[in-house]
Structure formats: structure tokens, C-alpha cells
Amino acid sequence: MRHVKTETPAVDTSSVHTARRLHPRPVRIMHWVNAVVMLIMITSGWGIYDDDVIIRGFHFSSFWRLGDWAAWSLNWHFAGMWFLVINGLIYLVYGFASGRFREKLLPIRPSEVVQTVIDTLHFKIAHEDITVYNAVQKLLYIIVILAGISQVITGLAIWKPVQFSGLVTLLGGFQTARVLHFAGMAVIVGFLIVHVALALLVPKTLWAMVSGGPRLKLRGRAEEGHAA
């Protein structure tokens, strides 16, 4: 008896309409909701920061701030917060339940990360197959997901320091929570700059997040036949 081994997803060039897209509709919706909400959170956060700076002498220009003054920035920040938390929870549940995180972000091998960095420094970035993330992309996505979770935790500590006094203490105090929140913002902004730059350099990745990208066909789990 012969069996066919299960293989990894491959791009389907046929007209099979039952095959799933690279980016299913739920992923696309969550991606663009998150893009808008993150812009609101970051720019309103800069308005809040300017009211009580962490780095002396460092301010954000009014051009980059959402809200004419701290109170308006806080209103925008709190409004965006609920969308960010709800959308983020749905994204995490979907990513784990569907197996998307395991399929797209694992495994990550240190040697592959090093090689990808070397190739990038030599401008040898291959994007022929947008269905596969390189090692650095995987690492960056995991880092930004963890940074997003960290922002929610530190944000709660800053928002309700009395109600979450235990969390504030665990984080090292109110001011330390503010510094961690600011650092998390910097990580996310750095990721967004790289993410947008790569999307502009490889436009088909941006279009894939709009249209869904190429269709993937799962091959395997099908019997070719039996031999007596």
C-alpha cells in the first residue's frame, strides 16, 4: 500500500475557486482596521507625551500630533484603544485557531536570520514568492505582536494606576511604565517604517493585502491508489 505525504501549501495557478487566498478576508479586514487605529494611537500618544515629556527637550511637532492639546489627544487615544484591543484579540484568536501563526511565522532559525540580514545589506532581497516570509520578516512580526501586547499592559498601568496598582508595582512604578510604553511605541513605529518601505519597494505585497493575493492549494491527504 502506498501513501502520499502531506506537503506544504503551494501557489495554485489554476482556476480552482475553492482554494484559500494568501490573505483571507478576515485577515485583510483586521490588517486595515489595525493600520488606521495604530495611526490614531501613535499620533494621539504623541500629543499626550508632549504634555509631560519623558526625554527633556524632545517634543513632537503639532503637524504629527492628533489633538490640539492633551485632553483632545486623550479622547482620541481612549477611542482608538477599544478598537485596538478588540481587533487585536480577534487577530490573536484567529491566528492561533486557524494555524496561521504556526504556518507563517515558524520556525525561525538563527542562521537564517543572519543570512537574511547579510543578503539585505547586500541588496539581495528576493520577493519572487510572496507567500513565504523570510526569517527577518518572521522575527519582526513576532516582535511587533509582543510589543502590541506590551502596549496594552503598560497602557492599563498608566491609565488606571490606582486600580492596577499591583501591575504598576510589577512594572517598576508609574514613571517606569511610561518609559516602557514610550519604548514600545518606538518599536512599533520602527516596524511600521520598515513595513511600509518594503510594501512600496515590492508593490505586489501591498496589492495582495487588498485583493487577497494568490490562491493557495493544499495538496496531500489524497490517495493515489492502493497496491495489493
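**A walk along helix H2 and beyond**

Just after helix H2 comes Gly99, whose phi is positive, near 80 degrees. Helices here are DSSP runs of H or I with at least four residues, while strands are runs of E with at least two, and the numbering starts from the N terminus. Before going on, please note that this is a predicted model, in which local features need pLDDT of at least 70, side-chain atom pairs count only at pLDDT 80 or more, and totals for chains, interfaces and linings use all residues. Residues are numbered from 1 along each chain as its sequence is written, and side-chain values use heavy atoms, leaving out hydrogens and water.

Let us step back into H2 itself. Its 29 residues should span 42 Å at 1.5 Å a residue, and the end C-alpha atoms are 40 Å apart, which agrees; the expected span is 1.5 Å times one less than the number of residues. Several H2 residues are buried, among them Ala70, Ser73, Leu84 and Gly95. Buried means under 20% relative accessible area, exposed means over 50%, and partly exposed lies in between (1.4 Å probe, protein chains only). The buried residues of H2 pack against helix H1 (25-51), helix H3 (100-105), H5 and H7.

One residue to look at in this helix is His77, which lies in H2 (residues 70-98). His77 counts as buried because its relative accessible area is 15%. Leaving aside neighbours within four places in sequence, His77 is in contact with Met41, Ser44, Gly45, Ile48 and His181, where contact means heavy atoms within 4.5 Å. With Met41 there is more to see: its backbone oxygen lies 3.2 Å from a polar atom of the His77 side chain.

Now turn to the surface. Leu139, Leu140, Ile143, Val187 and Val194 make a nonpolar patch of about 330 Å². Patches are made of residues with over 30% relative accessible area and no salt bridge, joining like charges within 9 Å and nonpolar side chains (Val, Leu, Ile, Met, Phe, Trp, Tyr) within 5 Å. A salt bridge is a side-chain nitrogen of Lys or Arg within 4 Å of a carboxyl oxygen of Asp or Glu. Helix H5 (135-159) and helix H7 (174-201) each supply at least two residues of the patch, with the largest share, 3 residues, coming from H5. Val187 is found in H7 and is partly exposed, because its relative accessible area is 38%.

Our last stop is Val202, in the loop between H7 and helix H8 (203-211). Val202 counts as buried because its relative accessibility is 11%. The C-alpha atoms of Val202 and Ile130 are separated by 9.4 Å, although these residues are 72 residues apart along the chain.

Notes:
Polar contact = N/O pair within 3.5 Å; in protein donor to acceptor, adjacent residues only side chain to side chain. Areas by Shrake-Rupley, 256 points an atom, 1.4 Å probe, with all protein chains shown as cover.
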